[in-house]
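Hi,

Here is the structure I promised to pass along. Have a look at it first, and my notes follow underneath.

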Amino acid sequence: MRRYGKHTDEDDIRTRPGRRNTRPRTNIRPKHEDAAEGLVLTVDRGRLTCLVEGRVVMAMKARELGRKAAVVGDRVALVGDMSGKKDTLARIVRIEERTSVLRRTADDDDPYERVVVANADQLAVVTALADPEPRPRLIDRCLVAAYAGGLDPLLVLTKSDLAPPEKLLELYGHLDIPYVVTSREELQNGTAVARVREQLDGKITAFVGHSGVGKTTLVNALVPQEQRRTTGHVNAVTGRGRHTTTSALALPLAGSDGWVIDTPGIRSFGLNHVDPSRVIHAFPDLEPGTEGCPRACSHDEPDCALDAWVAEGHADPARLYSLRRLLATRERKEGD
């Protein structure tokens, strides 16, 4: 049976729309203006634990965020079920602008950078004075990452009962970095915890350090209500401890509005992602002297204007030496 007349026009033909084209595509995304604000406490296999108005809420990243990932310390916007009840799941629809970022790469040749922590105010670099021996090059690399990411550094030296701190502190005296020296006995009786807390109150502090230095032990003492399994063994041959913290975790500092972020123990700290020109910002007494530097100056070459700036008495020569030592860390391995 003929459905159409003998002389049909294409406009007479009824076409069935394709299944894929029934809805026009758009780049406009919902603004989620009514989304709740939250803080990412930890990330585990695609599930993010967030703090929302005093409640712990499990969430996942919305597909519209694409490859953008949230990390511990991120301030995020969430929609969905935020009751915090068992088996409920909210969606993270927006990651707010970050004030600081701590990044690292696996090594200096690795182009893939990993964001460790976001929005921290300071970076506490924990190192033992003995057992295991301190690794100044690794400390330098952590300092460079802190300066480049917008964090203020803090040195926490542990196990002073095994070795004196003066020799190590001499390396960093001209950087004007605050520090706290602790012993194992002081950790047990609480006096060391009180001194460390003075540096943490009202701030978000990320703790980093290689295994065996007592980082997690210190965090447990600072946040006793949230005990994490501590490092138990330091290998007598390698001088390295066993990793016991496997993921970053933000913990509230009791009796304060400060936060502590415990991160996994590190054995290397790649700086492939660091722009050397950002490190100079941590040296405000030297930064004006760079105005006469040639373009793309590494600040460690014959034509660098900082040499004349320091020679004219504008800054301490030791500060220039410290800057250049930090800038050279990318060319040196941590164990050097």
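Arginine 104 comes out at 19% relative accessibility, and because buried means under 20%, this residue counts as buried. Bear in mind that this is a predicted model. Arginine 104 sits in strand S6, which covers residues 101-105. Leaving out neighbours within four places in sequence, arginine 104 is in contact with Tyr112, Glu113, Arg114 and Val116, and also with Ile266, Ser268, Phe269, Gly270 and His273.

Leucine 187 gave me a similar exercise. Its relative accessibility is 19%, so leucine 187 counts as buried. You will find leucine 187 in helix H3, residues 184-189. Once residues up to four places away in sequence are set aside, leucine 187 touches Ala192, Val193 and Leu218. The pairing with leucine 218 spans 31 residues in sequence, while the two C-alpha atoms lie 7.4 Å apart in space.

Then there is helix H1, which I checked for its length. H1 runs over residues 136-149, and at 1.5 Å a residue its 14 residues should span 20 Å. The C-alpha atoms at the ends of H1 are 20 Å apart, so the expected span and the model agree. H1 is also mostly covered, with 13 of its 14 residues buried. Just after H1 comes glycine 150, which takes a positive phi of about 90 degrees.

Happy to talk any of this through whenever suits you.

Best wishes

Note on methods. Residues numbered from 1 in each chain as written. Predicted model: local features only at pLDDT ≥ 70, side-chain atom pairs only at ≥ 80, totals over all residues. Heavy atoms only, no water. Helix = DSSP H or I, 4+ residues; strand = E, 2+ residues; numbered from the N terminus. Expected span 1.5 Å × (residues − 1). Buried < 20%, exposed > 50% of the residue type's maximum accessible area, 1.4 Å probe, protein only. Contact = heavy atoms within 4.5 Å.
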